[in-house]
Amino acid sequence: LNDAAAVYQDGVICASNDAFNTYLDSGHSALFEWVKNNESTPFQGVVKDLDGNHRAIHGLKSKLNDNTTLCTLQDVTELEVLKEVQTINQNKFKALSNGTMEGIALFSGDEVVDVNERMVQITGFDEANELIKNGLKGFFKARDWKRLSTRLNEVFDFEIENSKGIKINIEAQLTSTNKETDNLQALVMLDVTEKKRIEHDLLQTKERFRLLVESSPIGLFLVVKNKIRYINQAASSLLGFEDEEEVYNQDISSLFMDSDRQRVLEDMEAVYKGEKPPYIELSMRGLNTQAKAVGIQMGLTFYDQKPAVQITVSDLSTRMMLVREQMRASSAEEANALLKEEIKRHKKTQIQLKEAERLNGSIVESSIDMIVGFDINGNLIQFNHAAS
């Protein structure tokens, strides 16, 4: 026999093999007591062999007759080690599977053999046994499950309805183990409902921002390392370009007058250092090289995950026109006020002249002397009563 064995008869070991003798020689009293007693209880314990190594022993008894018992000992040290390792691995796997955000289910054929807690939560069940009983294939359309089964290790997006009737978005992947051993498949599912909602909100926000930028009357430039990467419609119209491609990757300083270029480059450098340059008014030249009075403000932003300078440009021509109109209006109002004052003075003078004329006429007419008036050509134009 490969196992240690001995025959115990009438209180004496009457026969034993070499393996059993090894344990006898090691002097284990507990083992001897088990051999000698009349109980049929199996023996389980740890003993030392002749080399001093601890060995796990499993012993069984079987009666041959009333006085004779066959005792068999089996060395199960390696088996116990394997059981311990298996228990440790199972605990590790359980901790890992339950600690992940993904739901995990193991399949054998079409049957679910094990799931983690996260898979139970995603599918809306209260217990793992309910999920194992109902299965997982029913959550998928036949076509979707076929895609998962035929294209292993690929991730797909699906919308499913869980056991509570709630629609959720998931990312799913089906993997297969070694077919020569256990032929198991693992389904991994990640609930991405919140992620999809955030992506949708971000897309809407991005679209609203794009419409806001494109419809803004203020010109906008995004510049990376002095190169133009984007301009909006207002900036294109301001400089006379049909679209942004005409100035894409062009040096931004080339759009400013020679006298203003250095100031623009210095302000952009200050922006990259975290400073905020003040608002300035400069001149830009567009497609027809005609100078445009503009006001610009710079700030730090990002474009394609790179630091960029955002330059907002406001057209000052409208403001200058308004200023001129205001000046003209102000001058006209002032001229009107002066004219009204002059008219008032003129009317007063006319009244005074008329009164003087009446007084003068009265004096002339009442005189007893003859008074006659002629023009420069000698024509008679006036005479008084005495002259008549």
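**View 1. Strand 16 and strand 17 form an antiparallel pair joined by 3 bridges.** Strand 16 spans residues 372–374 and strand 17 spans residues 380–383. The model shown here and in every other view is predicted. Across the pair, Phe374 stands opposite Leu380 of strand 17. The two strands make a hairpin with 5 residues between them. Within this hairpin, Gly378 has a positive phi, near 90°.

**View 2. Five strands make an open, antiparallel sheet.** Their order is 12-11-15-14-13. Strand 12 (227–231) is one edge and strand 13 (280–285) is the other. Each of these edge strands pairs on one side only. From one strand to the next, the twist averages 40°. Strands of a sheet pair through backbone hydrogen bonds, in a parallel or an antiparallel manner.

**View 3. Strand 14 and strand 15 are joined by 10 bridges.** Strand 14 covers residues 291–303, and strand 15 covers residues 306–315. The two run antiparallel. Phe302 stands opposite Pro307 of strand 15. In the sheet order 12-11-15-14-13, this pair sits between strand 11 and strand 13.

**View 4. Helix 9 runs from residue 258 to residue 272.** The helix has 15 residues. From first C-alpha to last, helix 9 reaches 23 Å. That is close to the 21 Å expected at 1.5 Å a residue. After helix 9 comes Gly274, with a positive phi near 95°.

**View 5. Six residues are the buried ones of helix 9: Asp260, Val264, Asp267, Met268, Ala270 and Val271.** Why do they lie on the same side of helix 9? Because they cover an arc of only 155° around the axis. What covers these buried residues? The cover includes strand 11 (219–224), strand 13, strand 14 and strand 15. Those four strands also belong to the open sheet, whose order is 12-11-15-14-13.

**View 6. The whole protein, for context, has 10 helices and 17 strands.** The protein has 388 residues, and 27% of them are buried. Take the contacts between residues at least 6 apart in sequence: 36% of these join residues at least 24 apart. The accessible surface comes to about 26,200 Å². Carbon and sulfur atoms account for 51% of that surface.

Technical notes. Residues numbered from 1 in each chain as written. Predicted model: local features only at pLDDT ≥ 70, side-chain atom pairs only at ≥ 80, totals over all residues. Heavy atoms only, no water. Buried < 20%, exposed > 50% of the residue type's maximum accessible area, 1.4 Å probe, protein only. Contact = heavy atoms within 4.5 Å. Areas by Shrake-Rupley, 256 points an atom, 1.4 Å probe, with all protein chains shown as cover. Pairing = 2+ DSSP bridges. Axes fitted to C-alpha atoms, helices over the stretch in contact; angles between N-to-C directions. Expected span 1.5 Å × (residues − 1). Arc of directions from axis to C-beta.
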